[in-house]
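Student: Could you show me how to read the surroundings of bound ligands and the open pocket in a model of this kind?

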Amino acid sequence: MTSRVDKDSIEIRNNWSLKEVEALFDLPFNDLLFRAQTTHRQRFDPNAVQVSTLLSIKTGGCSEDCKYCSQSARNSSELEREKLVEVETVLKAAVEAKRSGSSRFCMGAAWRNPKGKDMEQLLTMVSGVKALGMESCMTLGMLSHDQAEKLKKAGLDYYNHNLDTSESYYEKVVTTRTYQDRLDTLENVREVGLNVCSGGIVGMGESRQDRAGLLATLANLPKQPDSVPINRLVKVAGTELGEMDDLEELDPLEFVRTIAVARILMPISWVRLSAGRETMSDELQALCYSAGANSIFSGERLLTTPNVEAGSDAELFNKLGLKVLSGEEVVLG
Ligand code: SAM
Ligand code: DTB
Ligand code: SF4
C-alpha cells in the first residue's frame, strides 16, 4: 500500500521519497507554511492544542549510550540514579496533571527495556491512570511483543519510542541499539493495537537531509504514528552533545520548517512541540503552532530537565486565541 484515504477523504501517503521531502524543506517559507496550514485545517481545529504531562518513573543509571541524554550511566552528568517509583506517587502526579488540564499522562523510564520483575508495577500504574479517565502513555525503551500485549491489556493507550534521527546519522548518536531495534519495537507496539508515539530530536548537528530522512521514515511506516514528538536538543552538561562547544542551536526558522514538513507528511497525526520549549521565544512557538504543531508537554519539568514556567503557556495561548483540548475532544485519526 502506498497511500490511503481516511474517513475525511484526507490522503495519507507512505511512499514519500527523500527528494520529495527535501523539496518541501526547500520551499519558500510562506509557501511551506501555507501548505502546512492547509493540511492542518483538513483534520484539526487550528486553534486547539492537546496537552500531555510527563513524569519520570525511573530516573538515571541507564545502560544505553544516547549522546544527548542526561540519564545514560555512561555520561558524567550529575543526575542521581533512582528506583522505579511507587504506584501511589505516580497516581498523585496524574491527578494533579488532570487537574491542571492535561488529557494525557506520559510515564518515562530510563531503561534499555523493562525487566520481567517490573511489569506488575507498570501494569498497575497503567490501570490506575486509566481509572482517572486520562489517556496513558509509557516510554520504557525497547519492548517485546509479549510486553506490548500486557501493557495494551492493562489499558495503555500510547507507547512512545522515538527514531531520534535519520538512519544514516543514527550511529553518531547511539551505538548500543540499532535503528532496526527501534523499528522492531514500533512494530511490536503497532501489532498489539497500541497507538504509536514516535518522533525525534533535531539540533544534534544533523543536516537538513537527515531531518528530511527522519520525517520520511516516520511517514512511511506501515501506519503513520498517531503522535509525533519533535524535540529540539536540550544541551545537558556532562553529556557528549551537551559538552560540544561548537554545536550551535538549530536555526529557529529551520525548526519551524521541520514542524511544517512533519505536518504535511503526517496530516492526521498530533505533532508535538516537545523538549526545548524552555528556550523558545513566544514568537517561535507561535510560528510552530501556525506551522501545524498541535500538542505540547505542559508542566515545569520534562523528565529530568526544565520545561516552561508555570502560567506561561496559558498566557501565550490567551494571546494567540488557542484553546486546550479536553480529554473528550481529543479524537484519534
Ligand atoms: N529510555 C527510553 C527510550 O530511550 O526510549 C525512554 C526515555 S527517553 C528519555 C525518551 C526520548 O526523549 C528520547 O528518545 C529522546 O528523543 C528524548 N530526549 C532525551 N534527552 C533529550 C534531550 N537532551 N534533548 C531532547 N530530547 C531528548
Ligand atoms: C519525547 O519525545 N520527548 C519527551 C518524551 N518523549 C518522553 C522526553 C523529553 C526529554 C527531555 C530531556 C529530559 O528532560 O531528560
Ligand atoms: Fe537511556 Fe532512553 Fe536516555 Fe537512551 S534516551 S540513555 S535509552 S533513558
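The dialogue that follows takes up the ligands and then the pocket.

Tutor: Keep in mind that this is a predicted model. We can begin with ligand 1 and ask what lies around it.

Student: How many residues surround ligand 1, and which are the closest?

Tutor: A shell is read by listing the residues that have a heavy atom within 4 Å of the molecule. For ligand 1 there are 16 such residues, and the closest are Tyr68, Thr139, Asn162, Asp164 and Val234. By class, this shell divides into eight nonpolar, five polar and three charged residues.

Student: Which backbone atoms lie within reach of a nitrogen atom of ligand 1?

Tutor: Here one looks for pairs of N or O atoms within 3.5 Å. A nitrogen atom of ligand 1 is 3.0 Å from a backbone N or O atom of Val234, while a polar backbone atom of Ala109 is found at 3.1 Å from a nitrogen atom of the ligand and one of Trp111 at 3.3 Å. Taken on its own, ligand 1 has 560 Å² of accessible area, of which the protein covers 90%.

Student: Which contacts does ligand 2 make through its oxygen atoms?

Tutor: Two of the contacts go to side chains: an oxygen atom of ligand 2 is 2.6 Å from an N or O atom of the Thr304 side chain, and an oxygen atom is 2.8 Å from an N or O atom in the side chain of Asn231. With Leu303 the partner is a polar backbone atom, at 3.0 Å. The protein buries 86% of the 410 Å² that ligand 2 exposes when taken alone. Its shell of 13 residues holds six nonpolar, seven polar and no charged residues.

Student: Which residues surround ligand 3, and where does ligand 3 sit?

Tutor: Ligand 3 is surrounded by Cys62, Glu64, Cys66, Tyr68, Cys69, Ser72, Ala110, Trp111 and Arg177, a shell with six nonpolar, one polar and two charged residues. Ligand 3 sits in the largest cavity, as does ligand 2, and the space taken by ligand 1 is the largest cavity too.

Student: What lines the largest pocket, and which element gives the most to that lining?

Tutor: A pocket is described by its volume and its lining. The largest pocket holds about 610 Å³ of space, and among the 33 residues that line it, Thr53, Ser100, Ser298, Gly299 and Glu300 are the closest to its centre. The elements giving two or more residues are β3 (48-58), α3 (87-99), β11 (295-298) and α11 (312-320), with β3 giving the most, at five residues. By class, the lining has 15 nonpolar, 10 polar and eight charged residues.

Methods. Residues are numbered from 1 along each chain as its sequence is written. Chains are lettered from A and ligands numbered from 1 in the order in which they are written. This is a predicted model: local features need pLDDT of at least 70, side-chain atom pairs count only at pLDDT 80 or more; totals for chains, interfaces and linings use all residues. Side-chain values use heavy atoms; hydrogens and water are left out. On a 1 Å grid over the protein atoms alone, a cavity is a set of points where a 1.4 Å probe fits but cannot get out, and a pocket is an open set with protein on both sides within 12 Å along at least five of seven lines; lining residues have an atom within 4 Å of a point. A molecule sits in a cavity or pocket if more than half of its atoms lie within 2 Å of its grid points. Ala, Val, Leu, Ile, Met, Phe, Trp, Tyr, Cys and Pro count as nonpolar, Asp, Glu, Lys and Arg as charged, and the others, Gly among them, as polar. A polar contact is a pair of N or O atoms within 3.5 Å; within protein, one must be able to donate a hydrogen and the other to accept it, and residues adjacent in sequence count only if both atoms are side-chain atoms. Accessible areas come from the Shrake-Rupley method with a 1.4 Å probe; for residues, only the protein chains shown count as cover. Grid points are joined across faces, edges and corners, and a volume is the space filled by probe spheres set on the points. Helices (H or I, at least four residues) and strands (E, at least two) are DSSP runs, numbered from the N terminus.
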